[in-house]
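Please look through the sequence and the structure shown here before reading on. The report below is written for a reader who is meeting them for the first time.

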Amino acid sequence: MERTYLMVKPDGVQRGLIGEIVGRLERKGLTLIGAKLMLVTEEQAKRHYAEHEGKDFYDRLMTFITSGPVFAMAWQGDQAVAAARQIIGKTNGLEAAPGTIRGDYALHTNYNLIHGSDSAESAERELGIFFQESELVGYDKTIQAWI
Ligand code: RTP
Ligand code: MG
């Protein structure tokens with residue numbers, strides 16, 4: 001069982017897409033084990049996007065991610081990282097396939113609605129930035145046997 005950190009970005013919250021996004025992930029068979037609406041602090045943003053420091057889009061990204069509430073989520077499931085990335089789609093909304101979240105709802109790379117961890121290691125690091133372990137609720141779904 002793998003965990004991943006997903007976050008509806010400020011554009012997704014403002015556009016009223018939290019429910020749509022959560023529904024897609026639930027229907028895929030992933031299990032929500034933690035969630036909260038929150039403001040990302042500058043310190044959290046810096047830690048979360050450390051790999052992008054120095055890139056030309058870094059300042060814009062930092063301003064955007066701290067500009068309004070995000071919906072932070074922890075999800076669990078078999079190969080949860082890859083499964084979520086597939087549902088999310090490519091970074092650029094124009095290149096993301098229809099049927100993916102970004103392919104269906106995002107036009108731009110800058111405003112692409114949702115973040116998804118890119119590896120199991122990143123996921124654990126990112127979950128640690130946004131959640132206390134006590135906020136996560138691991139459980140088995142009886143329906144899991146059919147997924
Ligand atoms: P994310 O981390 O948000 O799930 O997105 P990702 O893995 O698909 O893309 P990544 O390369 O990690 O980039 C993180 C976020 O930075 C913004 N970005 N802008 N060339 C650009 O202007 C550019 N490249 C990346 C996007 O918001 C991207 O999601
Ligand atoms: Mg990334």
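The sections that follow take up the sheet, the helices that lie on it, a pair of helices and the surroundings of a ligand.

## The sheet

This is a predicted model, and a good place to begin is its open sheet, in which four strands follow one another in the order β2-β3-β1-β4 with antiparallel pairing. The edges are taken by β2, residues 31-38, and β4, residues 114-116; each of these has a single partner strand, so that one side of each has no neighbour in the sheet. On average, and with direction ignored, neighbouring strands here are turned by 15° against each other.

The link between β4 and strand β1, which spans residues 2-8, consists of three bridges, and the two strands run antiparallel. Within this pairing, Val8 has Ile114 in β4 as its bridge partner.

## Helices on the sheet

Helix α5 lies across β1, β4 and β3, the last of these being residues 70-77, and α5 runs at about 30° to β1. Helix α7, formed by residues 120-130, also packs on the sheet, where α7 touches β1 and β3 and makes an angle of about 55° with the direction of β1.

## The pair α2 and α5

Two packed helices are described by the distance between their axes and by the angle between those axes. For helix α2, residues 18-28, and helix α5, residues 80-88, the axes come within 11 Å and cross at roughly 130°, and the two helices are therefore oblique to each other. The crossing in which α2 passes α5 is right-handed.

Which residues of α2 and α5 meet? On the α2 side they are Arg24, Leu25 and Lys28, and these meet Ala83, Ala84 and Ile87 in α5. Sorted by class, this contact of α2 with α5 has four nonpolar and two charged residues, and no polar ones.

## Around ligand 1

The residues that surround ligand 1 are Phe57, Leu61, Thr91, Thr109, Asn110, Asn112, His115, Gly116 and Asp118. Among them, His115 and Gly116 fall in the range 114-116 of the edge strand β4. By class, the shell around ligand 1 has six polar residues, two nonpolar residues and one charged residue.

Conventions: Residues are numbered from 1 along each chain as its sequence is written. Chains are lettered from A and ligands numbered from 1 in the order in which they are written. This is a predicted model: local features need pLDDT of at least 70, side-chain atom pairs count only at pLDDT 80 or more; totals for chains, interfaces and linings use all residues. Axes are lines fitted to C-alpha atoms, for helices over the stretch in contact, and angles run from 0 to 180 degrees between N-to-C directions. Angles under 35 degrees count as roughly parallel, over 145 as roughly antiparallel, 65 to 115 as roughly perpendicular and the rest as oblique. A crossing is left-handed if the near helix is turned anticlockwise from the far one by less than a right angle, and right-handed if clockwise. Two residues are in contact if their C-beta atoms, placed from the backbone, lie within 7 Å. Ala, Val, Leu, Ile, Met, Phe, Trp, Tyr, Cys and Pro count as nonpolar, Asp, Glu, Lys and Arg as charged, and the others, Gly among them, as polar. Two strands pair if DSSP finds at least two bridges between them. A residue is near a molecule or strand if its C-beta atom, placed from the backbone, lies within 6 Å of it.
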